[in-house]
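Open the model in your viewer and keep a selection panel at hand. The stops below follow one another, each with a selection to make and a note on what is found there.

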Amino acid sequence: MAKVKYYYDSDTLSYKKIKSKISDILKKISLALVSAIMFMVLGYVVFTQFFDSPKEKELKRELEFVKLNEQLHSKKIVQLEKILQDIQDRDNNIYRLYFEVSPISNEQRKAGFGGVNRYKALEGFDNSEMIIDVTKNMDILSKQLYIQSKSLDEIVKLAENKEKLLAAIPAIQPVKNQDLTRMASGYGWRTDPFTKANKKHWGMDFTAPKGTPVYASGDGVIERADQNAAGYGKHIRINHGFGYISLYAHLSNYNVKKGQKVKRGDLIGFVGNTGRSQAPHLHYEIFKNGGRINPINFYYGNLSPEEFAAMQKAAEIQGQSLD
């Protein structure tokens with residue numbers, strides 16, 4: 001039951017009931033509602049200022065996760081760049097230098113990406129700058145890794161060819177030192193044993209008894225094993241590849257046939273006195289890209305420094321060749 005309110009009327013000197021008007025009631029209700037709404041709005045503002053909604057908390061967690069990932073990726077990229085830089089330095093200054101290949105320039109390794117904006121789809125987001133920066137660094141790193149990968153593929157092929165080249169080069173003496181009587185004549189101008197004229201001697205003569213083993217000086221394929229070349233008598237030619245051919249002349253017999261593959265040190269024939277020869281010996285020549293070169297430069301495979309020096313001294317003696 002509502003309380004009855006009175007007021008004192010001084011004219012009648014008596015108390016009278018206060019009658020409420022509808023307008024007054026409405027005003028009070030409106031004032032109460034406005035006050036309540038203002039209180040709620042103020043409370044919401046204060047609450048949101050100091051407390052996050054579940055959705056905001058979720059978004060903040062996602063943002064923090066993105067930033068953390070960006071930091072981790074940035075650190076990882078820096079680490080990978082250091083590792084890649086070390087590989088690039090070794091590639092240019094060791095591997096490519098060893099195989100006599102031009103180094104890859106920094107401009108080529110670190111060239112940017114031309115053309116249209118590759119990262120336009122990443123623009124317009126709250127973290128666009130951060131995402132674009134990480135993506136761009138990853139793209140640059142990926143390109144450098146691709147270039148380095150192709151370079152290492154090239155180095156592998158060069159290494160394989162280098163290994164084959166080292167095995168193919170005629171690098172040992174074709175007659176063993178213990179089997180030699182003497183080194184009769186070296187490469188250069190010598191007296192022809194038949195005409196006594198001064199004539200260019202294109203190989204080296206190793207004096208040894210007939211039947212002394214003759215060995216392949218490098219890996220290759222027997223190109224000839226016949227006596228159809230003037231003056232050489234029974235002779236063998238080995239094609240080593242890479243422009244190298246070795247020739248073994250005045251043999252008494254063969255131990256190989258045309259087309260046969262041989263390895264360095266394989267027995268291929270025997271010392272003889274066939275063809276234009278004055279005494280049993282092996283005449284040995286090396287060709288490089290069709291031209292004759294001095295064989296003495298290729299005996300690093302089985303001669304000690306002292307043995308090589310002695311042979312070089314003997315080869316320089318101006319005397320008479322045996323063929």
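Start with helix 1, residues 22-50, and pick out Ile-29 within that helix. The model is a predicted one. Ile-29 is partly exposed, at 45% relative accessibility. Add Leu-26 and Leu-33 to the selection: with Ile-29 they make a nonpolar surface patch of about 290 Å².

Next, select Gln-173, in the loop that runs between helix 4 (128-168) and strand 3 (182-185). Is this residue, Gln-173, buried or exposed? Its relative accessibility is 2%, so Gln-173 counts as buried. Show the backbone of Val-175 as well: the side chain of Gln-173 reaches the backbone oxygen of Val-175 at 2.6 Å.

**Strand 10 and its partners**

Now select strand 9 (234-241) and strand 10 (244-254), together with Phe-242 in the loop between them. The two strands pair in the antiparallel sense, over six bridges. To check the register, pick Ile-236, whose bridge partner in strand 10 is Tyr-248. The hairpin has two residues between the strands, and Phe-242 takes a positive phi near 55° there. Phe-242 is partly exposed, with 40% relative accessibility.

Stay on strand 10 and select His-250. This residue also has a positive phi, about 65°, although His-250 is not a glycine. The relative accessibility of His-250 is 1%, which counts as buried. What surrounds the strand? Eight of the eleven residues of strand 10 are buried, so the strand is largely enclosed by the rest of the structure.

Extend the selection to strand 13, residues 281-288, which runs antiparallel to strand 10 and is joined to it by six bridges. Tyr-248 stands opposite Tyr-284 of strand 13. Then add strand 12, which pairs with strand 10 in the antiparallel sense over three bridges. Here Tyr-254 has Gly-269 of strand 12 as its bridge partner.

**Salt bridges**

How many salt bridges does a search of the whole structure find? The search finds three. Side chains of opposite charge can pair when their charged atoms come close.

For one of them, select Asp-219 and Lys-263, whose closest N and O atoms are 3.6 Å apart. This pair links distant parts of the chain, 44 residues apart: Asp-219 is in the loop between strand 7 (213-215) and strand 8 (220-226), and Lys-263 is in the loop between strand 11 (261-262) and strand 12 (267-271). Asp-219 is buried, at 18% relative accessible area, whereas Lys-263 is exposed, at 52%.

Move to Asp-226 and Arg-224, another salt bridge, with 3.0 Å between the closest N and O atoms. Asp-226 counts as buried at 18% relative accessibility. Arg-224 has a relative accessible area of 24% and is partly exposed, because the buried class ends under 20%.

Finish with Arg-292 and Glu-285, which form a salt bridge with closest N and O atoms 2.9 Å apart. Which of the two classes, buried or partly exposed, applies to Glu-285? At 2% relative accessibility, Glu-285 is buried. Its partner Arg-292 is partly exposed, at 32%.

Technical notes:
Residues are numbered from 1 along each chain as its sequence is written. This is a predicted model: local features need pLDDT of at least 70, side-chain atom pairs count only at pLDDT 80 or more; totals for chains, interfaces and linings use all residues. Side-chain values use heavy atoms; hydrogens and water are left out. A salt bridge is a side-chain nitrogen of Lys or Arg within 4 Å of a carboxyl oxygen of Asp or Glu. Helices (H or I, at least four residues) and strands (E, at least two) are DSSP runs, numbered from the N terminus. Buried means under 20% relative accessible area, exposed over 50%, partly exposed in between (1.4 Å probe, protein chains only). A polar contact is a pair of N or O atoms within 3.5 Å; within protein, one must be able to donate a hydrogen and the other to accept it, and residues adjacent in sequence count only if both atoms are side-chain atoms. Patches are made of residues with over 30% relative accessible area and no salt bridge: like charges are joined within 9 Å, nonpolar side chains (Val, Leu, Ile, Met, Phe, Trp, Tyr) within 5 Å. Accessible areas come from the Shrake-Rupley method with a 1.4 Å probe; for residues, only the protein chains shown count as cover. Two strands pair if DSSP finds at least two bridges between them.
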